[in-house]
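Work through these exercises with the structure open beside you. Try each task before you read its solution.

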Amino acid sequence: PEKTPSIISTSSLIPASIEKSIAVTTDRPYAVFLTLSSEGLQPITQNTVKNIVIKEEGLTTNNERVLTAISLTRFFALSKMPPSGILTRSLDNPYMIGFIGTSGTPVPFLILKTSEYETSVIGMLEWERDIPKFFDTVFGTSMELSTKNLKFKDVVLSGHDSRVLETNTEIGVTYAFVNPTTIIITTNKNSLKELFNAIQEN
């Protein structure tokens with residue numbers, strides 16, 4: 001009988017109470033984001049962090065089938081909406097995607113690591129106009145139309161310089177460099193503050 005692929009575990013960048021693995025299928029690899037979107041509809045306790053790990057089957061040097069977490073480059077490739085090269089070249093491979101619980105629907109987030117702070121700042125500014133569509137694609141949000149004619153503005157959240165794209169609803173885009181090596185992108189200012197705290201306590 002065919003062997004079931006083994007699973008290589010991964011660690012999250014911030015403490016997570018829940019971890020869920022999603023596998024990329026060979027016949028419909030991009031459908032992984034439909035599964036990811038459905039995870040965002042599952043209620044979780046307020047401020048609880050759910051880490052989502054996207055895995056894909058590969059072969060070891062001994063030709064054994066194994067499921068491993070996909071790289072950041074592969075994640076962006078699957079989305080078909082990668083940031084500009086100036087940003088992607090400045091990013092390191094550890095990253096984290098997931099949801100944080102609120103009083104309503106869980107809020108999606110993406111945490112990126114960088115080793116080139118100044119380059120990443122420029123790259124994020126260039127990527128701003130496409131972040132709503134990226135979140136719509138990856139997390140199943142509906143921000144592109146509601147934010148089309150809006151612009152990001154500078155705000156200070158929990159002592160951190162942040163960029164916010166606000167709409168008439170609670171859903172928008174907000175991101176910040178919580179330190180020179182860590183970028184948090186999410187859709188809710190209160191959730192961004194909670195993620196700040198999680199990183200600082202980690």
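**Exercise 1. The strands β7 to β10**

How many bridges join β8 to β9, and do these strands run parallel or antiparallel? Then follow the pairing on to both sides.

*Solution.* This is a predicted model.

Step 1. Start with the pair in the task. β8 and β9 run antiparallel, and four bridges join them. Find Ser-162 and look across to β9: Ala-176 stands opposite.

Step 2. Go back to β7. Strand β7 covers residues 153-157 and strand β8 residues 160-165; they pair in the antiparallel sense over five bridges. Here Lys-153 stands opposite Val-164 of β8.

Step 3. Go forward to β10. Five bridges pair β9 with β10, again in the antiparallel sense. A hairpin of two residues makes the connection. Asn-179 faces Thr-182 in β10.

Step 4. Check the cover on β9. This strand, residues 173-179, is mostly covered, with six of its seven residues buried.

**Exercise 2. Positive phi values**

Which residue in the hairpin of β7 and β8 takes a positive phi? Find two further cases elsewhere in the chain.

*Solution.* Begin with the background rule. Most residues other than glycine have a negative phi.

Step 1. Look at the hairpin. It has two residues between the strands, and Ser-158 takes a positive phi near 50°. Ser-158 lies in the loop between β7 and β8. Its relative accessible area is 44%, so Ser-158 is partly exposed.

Step 2. Move to the loop between α1 and β3, where Asn-47 is found. Asn-47 is not a glycine, yet its phi is positive, about 70°. Asn-47 counts as partly exposed because its relative accessibility is 38%.

Step 3. Go to the end of α2. Lys-80 follows this helix, with a positive phi near 60°.

**Exercise 3. The buried faces of two helices**

Which residues of helix α2 are buried? Decide how they are arranged around the axis, then repeat the task for α4.

*Solution.*

Step 1. List the buried residues of α2, which spans residues 72-79. They are Leu-72, Phe-75, Phe-76, Leu-78 and Ser-79.

Step 2. Look down the axis of α2. The buried residues fall within an arc of 160°, so they line one face of the helix.

Step 3. Do the same for α4, residues 117-127. Its buried residues are Ser-120, Gly-123, Met-124 and Trp-127. Down the axis of α4, they fall within an arc of 100°, so they too line one face.

Step 4. Recall the geometry. An α-helix has 3.6 residues a turn, so residues three or four places apart point the same way.

**Exercise 4. Two helices that pack**

At what angle do helix α1 and helix α5 pack? Name the residues that make the contact.

*Solution.*

Step 1. Note what is needed. Two packed helices are described by the angle between their axes and the distance between the axes.

Step 2. Read both values. Helix α1 (residues 32-39) and helix α5 (residues 131-139) pack at about 90°, and their axes are 7 Å apart. That makes α1 roughly perpendicular to α5.

Step 3. Name the contact residues. From α1 come Phe-33, Leu-36 and Ser-37; from α5 come Thr-137, Val-138 and Phe-139.

**Exercise 5. Two residues, two settings**

Is Asn-51 buried or exposed? Set its surroundings beside those of Thr-60.

*Solution.*

Step 1. Place Asn-51. It sits in strand β3, residues 49-59.

Step 2. Apply the cut-off. Buried means under 20% relative accessible area. Asn-51 has 3% relative accessibility, so it counts as buried.

Step 3. Find what Asn-51 touches. Leaving out residues up to four places away in sequence, its contacts are Ser-12, Ala-16, Ile-18, Glu-19, Lys-20, Met-96 and Ile-97.

Step 4. Turn to Thr-60. It lies in the loop between β3 and β4. With a relative accessible area of 30%, Thr-60 is partly exposed. From Thr-60 to Thr-167 it is 107 residues in sequence and 47 Å in space, C-alpha to C-alpha.

**Exercise 6. Confidence**

Which element has the lowest mean pLDDT, and which the highest?

*Solution.*

Step 1. Take the chain average. It is a pLDDT of 87, and 91% of the residues score at least 70.

Step 2. Compare the elements. Strand β1 (residues 6-7) has the lowest mean, 37, and strand β10 (residues 182-186) the highest, 97.

Step 3. Mark the weak stretch. Over residues 1-9 the pLDDT is below 50; this stretch has 16 contacts in the model beyond near neighbours in sequence. Where pLDDT is low, the predicted coordinates should not be read in detail.

Terms used. Residues are numbered from 1 along each chain as its sequence is written. This is a predicted model: local features need pLDDT of at least 70, side-chain atom pairs count only at pLDDT 80 or more; totals for chains, interfaces and linings use all residues. Side-chain values use heavy atoms; hydrogens and water are left out. Buried means under 20% relative accessible area, exposed over 50%, partly exposed in between (1.4 Å probe, protein chains only). Contact means heavy atoms within 4.5 Å. The arc is that of the directions from the helix axis to the C-beta atoms. pLDDT is the predictor's confidence in each residue, from 0 to 100. Two strands pair if DSSP finds at least two bridges between them. Axes are lines fitted to C-alpha atoms, for helices over the stretch in contact, and angles run from 0 to 180 degrees between N-to-C directions. Angles under 35 degrees count as roughly parallel, over 145 as roughly antiparallel, 65 to 115 as roughly perpendicular and the rest as oblique.
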